[in-house]
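Visitor: I have a structure to look at and some quick questions. Can we go through it together?
Guide: Go ahead.

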Amino acid sequence: MSDNESDAVPVKKEKRKVSDKQMAALRKGMDALKAKRETLAKEREQFEEKKAKGEIPADAPKPVAPPKAPKVVKASVPVPPPEVVIVQRKKRETKPNPALAELAALRAEVSALKTPAKEVTVEKVVEKLVDKVIHKDRVVTGSEMLNAIFGLK
């Protein structure tokens with residue numbers, strides 16, 4: 001196993017070659033960046049000179065590069081406006097619900113049951129004899145009370 005690992009030579013990938021067109025675009029971009037840096041350096045030198053002369057206050061900020069303008073892409077062919085399509089919607093159909101019909105019938109039955117018919121009140125006098133046995137015990141205290149409660153003796 002160690003022999004196979006030592007024999008393995010790493011494979012070098014060839015770098016992709018840059019085309020002439022890509023190099024030209026790169027050079028153009030680098031030239032633009034170089035020109036921008038030179039103008040900014042020139043502005044800073046002028047700023048320092050004016051500051052030394054006293055034309056600009058001492059606490060004024062140094063000039064910075066202006067923000068890059070957004071790139072505007074112009075279309076060669078005018079874009080036609082989108083077509084407006086109007087879709088007719090169907091009207092909503094309401095279907096009768098059978099459960100609601102049953103519910104209405106049940107409600108009618110319940111209301112019919114709730115309506116009172118003739119009220120008849122009959123009064124009857126019932127006499128009941130109640131037998132109460134009243135035990136009168138003497139006042140018991142202490143151990144006699146415990147014996148009376150637990151049924152001892």
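Visitor: Which residue follows α4, and what is its phi like?
Guide: G151 comes after α4, and its phi is positive, near 70°. Keep in mind that this is a predicted model, where local features need pLDDT of at least 70, side-chain atom pairs count only at pLDDT 80 or more, and totals for chains, interfaces and linings use all residues. Residues are numbered from 1 along each chain as its sequence is written, and side-chain values use heavy atoms, leaving out hydrogens and water.

Visitor: How many residues of α4 are buried?
Guide: The number is 0 of the 8 residues in 143-150, so helix α4 lies largely in the open. Buried means under 20% relative accessible area, exposed over 50%, and partly exposed in between, with a 1.4 Å probe and protein chains only.

Visitor: How many helices and strands are there?
Guide: The protein chain has 4 helices and 0 strands. Helices (H or I, at least four residues) and strands (E, at least two) are DSSP runs, numbered from the N terminus.

Visitor: New topic: V122. Where does it lie?
Guide: V122 is in the loop between α3 (98-114) and α4. Its relative accessibility is 63%, so V122 counts as exposed.

Visitor: How far is V122 from V73?
Guide: They are 49 residues apart in sequence and 102 Å apart in space, C-alpha to C-alpha.

Visitor: And what box does the chain fill?
Guide: Along the principal axes, the C-alpha atoms of the protein chain fill roughly 125 × 75 × 75 Å.

Visitor: What share of the chain is buried?
Guide: 3% of the 153 residues count as buried.
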